[in-house]
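Trainee: Hi, have you got a few minutes to go through a structure with me? I'd like to start with the strands and then move on to other things.

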Amino acid sequence: MDLISIRDLTKEDVEAYFKKTAEMEKNLASGKKPVSNIVVANLFFEPSTRTSLSFQTAAKRLGADSVVYNASTGSTQKGETLKDTIRIIDGYADLIVIRHPLEGSARLAADVAVHPVINAGDGGNQHPTQTLIDLYTILKCKGKIDGLAVQLVGDLKHARAMRSLLYGLAMFGADVTLVAPKGLEMEKSVIDEVRERFGAKVSERSSLDLKSCDVLYVCRVQKERFSDPYEAEKVQKEFSLHEEDLKDVKKDLIILHPLPKIDEIPESVDRSPHAKYFEQAKYGVPVRMAILYSIIKEAQK
Amino acid sequence: MDLISIRDLTKEDVEAYFKKTAEMEKNLASGKKPVSNIVVANLFFEPSTRTSLSFQTAAKRLGADSVVYNASTGSTQKGETLKDTIRIIDGYADLIVIRHPLEGSARLAADVAVHPVINAGDGGNQHPTQTLIDLYTILKCKGKIDGLAVQLVGDLKHARAMRSLLYGLAMFGADVTLVAPKGLEMEKSVIDEVRERFGAKVSERSSLDLKSCDVLYVCRVQKERFSDPYEAEKVQKEFSLHEEDLKDVKKDLIILHPLPKIDEIPESVDRSPHAKYFEQAKYGVPVRMAILYSIIKEAQK
Amino acid sequence: MDLISIRDLTKEDVEAYFKKTAEMEKNLASGKKPVSNIVVANLFFEPSTRTSLSFQTAAKRLGADSVVYNASTGSTQKGETLKDTIRIIDGYADLIVIRHPLEGSARLAADVAVHPVINAGDGGNQHPTQTLIDLYTILKCKGKIDGLAVQLVGDLKHARAMRSLLYGLAMFGADVTLVAPKGLEMEKSVIDEVRERFGAKVSERSSLDLKSCDVLYVCRVQKERFSDPYEAEKVQKEFSLHEEDLKDVKKDLIILHPLPKIDEIPESVDRSPHAKYFEQAKYGVPVRMAILYSIIKEAQK
């Protein structure tokens, strides 16, 4: 069993992960380690702090071991194919976590490997574990997802977390508003898909309107995806959150962000009760424990 | 409980760490691991070999796990603030060890984090765990610190270990002589402080005189702190130890160094019975075990 | 007990490692961890993926812990000697695994360290753990080594694995044919040595002839060893394996490669039953477990 795309999961699968995550939160409190004799290989072909560290922490909290491969120091420079790298690591480890800049690379890895593969982000494509964390955070903060007014704000074209998230929100019946600068909108085919598959309510705007919003999800303008850093910065400023935007919001609005954030959210907002992004980051550990645990147990059957 | 500066510790605190270190030396021999279910995050925003490896080794010898964040590969490049990074890591780990080039950064981290923070060096400022190692080594080699004639030699302006060390030596009643090249002397305010607080005997010289010296502590001229590498090298040569300097010394003189050393101590001295710097490096593990252990236990109360 | 060169081992030593490796394969299946309270330091002064990861995995599967030192981030930049680095790490860890670009560096490390040292490749010189993996793979695939027709193909002058391997094959009575491009032949002194010491049958050719071959061992033209990358590529193409080369071979020919491979073996061969290089990579873990285990137990006597 691999976890490559949120599309591979049914609503029941996701709910099972949520149930398992709640168990893992209890294990974290009690120190119970339900796994042993497992080595997880973390293959990072792109820099990442929180994804890499939270997967490593999750493995250790579970009772598993991690080995880490950072592409910059490895043999990929020498011209080895990704297939070969995967085949070799697959001979060492019990489970592979992979982040790679190319779309489809995680799927390729899953095809090649005998052991399970978890996609920790493949280019602008999918980042399913982030989506599970996002949904779990909403569920913990609001008690439900169904019927919530959720706004996704920022560069929805390039941010990999956003496509997976839209799919997950639609699956659970949220009403989603997409707020993106011109030229950086979510791909139409992605929106059409969730409308068709889940009958999801998805609308589009080109500026923020937080009055009736329950969940505001802000994402970073990823400068490295632009050829013109000036353009990137301009867009980022325009689609930043400002403290005054929060004056007329619902009392229980929550603000999420996949992090790292730069200037799209001012530091003063960090202290607001609406800000839940650090809590969201923290759920990365129990959610990834639940994913690792479920996949390890499935593989041991 | 954080450990940010040696100034935060009373003499009784330091003595408690020494007692705990002796226990840890016994644990090292017996293989007893007194800690479990703890993840230590090592955040290194500056390269470091021995500090990073000895903290990692200490954690493992205690029974704890480590995750390592090296800034060069992380998201700080993307513009994330230190505060945000700390808040996120604080959500994963039980304890944070931080090295950062900016003075005050460890204190900032401690203010932000819910979990305890240990300063593993903040710029030219403090390096309290190194000082505890230095003092413990002196105690182990000489049986006491009080009344010993200690010379600190080298670039006392930039070397971060030296300020903390002067403070610690003064606290324990050593007679300290500072030997620094012109322009690289210890800051006067630091000397005034220890004279006032501990009634410490501190004198200054501009060349070595080892006749009555009990402990010689040499530190490296940190080339990267100079704009002119030629000047750095000249000073380094002048304030190097030469084998003939050791002809008329006390039989039980000990030579310490925070390491790495380059040419400030000739290789032949490594074989002399005076040289204790590798033993000093080795004490890094039990001293850091004692610190980690004490702080973990305090946090669990 | 160190492991620096295959030359330090008798045939009985190697056979003892093979026996221990078979035990470790059983431990891998049962999850038994025969070691505890051991920290292995992995010092890598050269990039390496599979050697580093397979040593780390082997340590974890045994029940030991690993700390990793990558030279690019360490203090060697600051001018510290290798001797000093080793002495310091030797104070932290129970066993040192070292890869270094300079010939003789692993021997130097073993001389300096109190704890055992394992050579994970020193320049173009020795790579004894790779050789033990190669020989073990042949033994597992063919049931014996004695009398087999083995061809070593590629840049036999620079590839460090090949000298150790020739020595090991000769020790076990294989008939070795060396196939190298002009100017990249194995050093004559190495061939003379194995002829003299083991009465080994070693012949040399300048092109492939696989008709009667039992084991084909292909190695990469290491571009970084050439000053002219064009020349490197030309040679590599000439000494690559082509699918049609496999038409008239023995049914049970096995093809090995130390990996990473680039274009010296076409991807289509990966699917052939002759290709055993991924299996060979996989044996890296149990063979290195056997080596670590034997050396740890010897040191504990």
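Trainee: In which sense do strand S5 and strand S6 of chain C pair, and over how many bridges?

Mentor: Bear in mind that this is a predicted model. In chain C, S5 covers residues 149-153 and S6 covers residues 175-179, and the two pair in the parallel sense over five bridges.

Trainee: Nice. Which residue in S6(C) stands opposite C:Gln151?

Mentor: That's C:Thr177.

Trainee: And what is the order of the strands in the sheet they belong to?

Mentor: The sheet in chain C is open and has five strands, in the order S7-S6-S5-S8-S9, with parallel pairing. At the edges you find S7 (201-205) and S9 (254-256) of chain C, each of which pairs on one side only.

Trainee: By how many degrees are neighbouring strands turned against each other?

Mentor: On average by 20 degrees, if you ignore direction.

Trainee: OK, what about helices? Which strands does helix H6 of chain C touch?

Mentor: H6(C), residues 160-171, packs on the sheet and touches S5, S6, S7 and S8 (215-218) of chain C. The direction of H6(C) makes about 170 degrees with that of S5(C).

Trainee: Let's switch to chain B. At what angle do H6 and H7 cross there?

Mentor: Roughly 20 degrees, and the axes of H6(B) (residues 160-171) and H7(B) (residues 188-198) come within 10 Å. The two helices are therefore roughly parallel to each other.

Trainee: Is that crossing left-handed or right-handed?

Mentor: The crossing of H6(B) and H7(B) is right-handed.

Trainee: Which residues meet there?

Mentor: H6(B) brings B:Arg163, B:Leu166, B:Tyr167, B:Ala170 and B:Met171. They meet B:Val190, B:Ile191, B:Glu193, B:Val194, B:Arg197 and B:Phe198 of H7(B). In this contact, eight residues are nonpolar, none are polar and three are charged.

Trainee: New topic: the copies. What turn lays chain B on chain C?

Mentor: A turn of 120 degrees, with a shift of 0.0 Å along the axis, and the RMSD is 0.0 Å. That is the relation of a three-fold axis.

Trainee: And what rotation superposes chain B on chain A?

Mentor: A rotation of 120 degrees there too, with 0.0 Å of shift along its axis and an RMSD of 0.1 Å.

Trainee: Last one: which residue of chain B comes closest to the rotation axis?

Mentor: B:Asp65, with its C-alpha at 5.6 Å from the axis.

Trainee: Great, thanks!

Note on methods:
Residues numbered from 1 in each chain as written. Chains lettered and ligands numbered in written order. Predicted model: local features only at pLDDT ≥ 70, side-chain atom pairs only at ≥ 80, totals over all residues. Heavy atoms only, no water. Pairing = 2+ DSSP bridges. Helix = DSSP H or I, 4+ residues; strand = E, 2+ residues; numbered from the N terminus. Axes fitted to C-alpha atoms, helices over the stretch in contact; angles between N-to-C directions. Contact = heavy atoms within 4.5 Å. Least-squares fit on C-alpha atoms with pLDDT ≥ 70 in both. Parallel < 35°, antiparallel > 145°, perpendicular 65-115°, else oblique. Left-handed = near helix turned anticlockwise from the far one by under 90°. Nonpolar A, V, L, I, M, F, W, Y, C, P; charged D, E, K, R; others polar.
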